[in-house]
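Here is a short dialogue on reading a two-chain model. Please look at the structure first.

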Amino acid sequence: MNYILEIIGPLLDGTIVTLQVFVITLLISLPLGLALALIRVSGLRFASTLVSGYIWLMRGTPLMLQMLFVYFALPFVPVIGVRLPDFPAAIVAFALNYAAYFAEIFRSGIQSVDRGQYEAAHALGMNYTQTMRRIILPQVVKRIIPPVSNETITLVKDTSLIYVLAMNDLLRAARGIVQRDFTTMPFTVAAAFYLLMTLVLTWGFHRLEKHYAVYEG
Amino acid sequence: MTKTPMIQARDVHKRFGTLEVLKGISLEVEKGDVVALIGPSGSGKSTFLRCLNHLETIDRGHIAIEGETLATTDAAGICHYTQNADVRRISSKMGMVFQHFNLFPHLTVMENIIEAPRTVKRISYDEIVPKAEELLRKVGLLNKKGSYPSQLSGGQKQRVGIARALAMEPDLMLFDEPTSALDPELTGEVLRAMRQLAEERMTMLVVTHEMNFARDVSTRVVFMDQGEIVESGSASEIFSAPQHARTRAFLEHML
């Protein structure tokens, strides 16, 4: 027990890094994913194809590779080449990657809304922006809660990939102590931390689902 | 002095792929008219109605609403629509009631009704709510204003649909088979609301299979078949003395 209290400090420091990556990634990738989805359903052929290519690229290569690319290779790319410190590099890779997944979730949600909703809005004189903002997207939110919750929980655990940039997230902090003290106890404590975080998320999404359960359809 | 018709459609053509659904429909609806559009399934009557408020685009012909041109066809046979903002403005002169209601499921009955007046016409909440309550009282659903559409019966949903369309203060109302998705015992309440509207001299164009409604309420009946208007006239003319064999066959089948 004393040992756990002893190692909890560095593990909490790691948890803060994990949570920072998690929260900032979500704050960027959710709106970005929505924007990408709106482009894909917009009917703008060229832009839509471009977004499809982007999604293919982001879902078709490992997140770790993307992160390594942003950190190590991006500085040498002509024109857009920029050297990022480890934390921003990780955020860029995570946000771009998760935006692709969120975009597909948003798109499926938007396309699942009945045509009659657009027709009713049109007949009432609403323009595209009003229709999307007031009629379609509010219904989409309800429908995409389960898949978004899935992705979000995956993100909590994916953050552990930032160890390749030598950042001290929760898992790397635990591993450091394991190697120093020759005990696997820190792994168990780290697992408990991850479980606690996902428990909070699960509860939060459950509340959200209940909130939207007031109406059907 | 000639009055401007509420709806003026001339030689309207529409095809879906190789299927020609409208083969040159011409129809004028005057202010205060209640026109029943009847005909067999697939005759193009719903498509025609949907063309009037731009839920479908026409391939050829001319449509004007209260004298304002929505779509017109030039000498080369190319159909032009007026610009988007005008299309929306012209469409919003018409209230539309759908076969499948198309209420907004995430909004309460009250919110369904005040949504468009608030976002499109920028009418304040305090101003629109009493009006919405008045409309709900008229269709007999004031006690349901806080309910969601999923908590209503089909007949109640459709009456909300009518109230929602009326909240935009349209100059005319289009009804696309408003009772076709309802259980038979629920059609009466919807037809009553429509009848009341007709008595208030609302201009109405109603696509319907309700022959009693067509006969009793409408000022004119238009019979369509295979993308064409076969004949039109007063209710008594069409129902008592149909001129065409196709009309007779249809009416025999329906009555």
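The turns below go from chain folds to the interface, then to single residues.

Q: What kind of model is this, and how are its parts labelled?
A: It is a predicted model: local features need pLDDT of at least 70, side-chain atom pairs count only at pLDDT 80 or more, and totals for chains, interfaces and linings use all residues. Residues are numbered from 1 along each chain as its sequence is written, chains are lettered from A and ligands numbered from 1 in the order in which they are written, and side-chain values use heavy atoms, with hydrogens and water left out.

Q: How many helices and strands are there in chain A?
A: Helices (H or I, at least four residues) and strands (E, at least two) are DSSP runs, numbered from the N terminus. Chain A has eight helices and zero strands. Its C-alpha trace spans about 70 × 50 × 20 Å along the principal axes.

Q: What share of chain A is buried, and what share of its contacts joins residues 24 or more positions apart?
A: Buried means under 20% relative accessible area, exposed over 50%, partly exposed in between (1.4 Å probe, protein chains only). Of the 217 residues in chain A, 42% are buried. Contact means heavy atoms within 4.5 Å. Among contacts in chain A with a separation of 6 or more, 75% join residues 24 or more positions apart.

Q: Where is Thr152(A) found, and which residues is it in contact with?
A: Thr152(A) is in helix H6 of chain A. Its relative accessible area is 2%, so it is buried. Leaving aside neighbours within four places in sequence, Thr152(A) contacts Phe22(A), Leu26(A), Phe102(A), Leu201(A) and Phe205(A).

Q: How much area do chain A and chain B bury between them?
A: Buried area is the accessible area (1.4 Å probe) that two parts lose on being put together, summed over both. Here that comes to about 2,100 Å², 62% of it on carbon and sulfur atoms. Glu119(A), His122(A) and Leu124(A) supply 30% of the area that chain A buries against chain B, more than any other three residues. The contact takes 21 residues from chain A and 25 residues from chain B.

Q: How many salt bridges and polar contacts are there between the chains?
A: Side chains of opposite charge can pair when their charged atoms come close. A salt bridge is a side-chain nitrogen of Lys or Arg within 4 Å of a carboxyl oxygen of Asp or Glu. Two salt bridges are counted between chain A and chain B. In one of the salt bridges, Glu119(A) meets Arg50(B) at 2.6 Å, N to O.
A polar contact is a pair of N or O atoms within 3.5 Å; within protein, one must be able to donate a hydrogen and the other to accept it, and residues adjacent in sequence count only if both atoms are side-chain atoms. Eight residue pairs, both at pLDDT 80 or more, are in polar contact between chain A and chain B.
On the side of chain A that touches chain B, helix H5 (115-123) and helix H6 (128-158) of chain A each give two or more residues. The largest share, seven residues, comes from H5(A).

Q: Which parts of chain A does the salt bridge of Arg40(A) and Glu104(A) link?
A: Their closest N and O atoms are 3.1 Å apart. The pair links helix H1 (residues 2-41) to helix H4 (residues 86-111) of chain A, 64 residues apart. Arg40(A) is partly exposed at 25% relative accessibility, whereas Glu104(A) is buried at 14%.

Q: What is the phi of Glu169(B), and which residue does it form a salt bridge with?
A: Most residues other than glycine have a negative phi, and most peptide bonds are trans. Glu169(B) has a positive phi, near 50°. The salt bridge of Glu169(B) is with Lys131(B), closest N and O atoms 2.9 Å apart. Glu169(B) lies in the loop between H5 and E8 of chain B and Lys131(B) in helix H4 (residues 125-138), so the pair ties together parts 38 residues apart in sequence.

Q: Why is there no disulfide between Cys51(B) and Cys79(B)?
A: A disulfide is a covalent bond between the sulfur atoms of two cysteines. The cut-off is a pair of cysteine sulfur atoms within 2.5 Å. The sulfur of Cys51(B) is 9.5 Å from the closest cysteine sulfur, in Cys79(B), too far for a bond. The structure holds zero disulfides over all chains.
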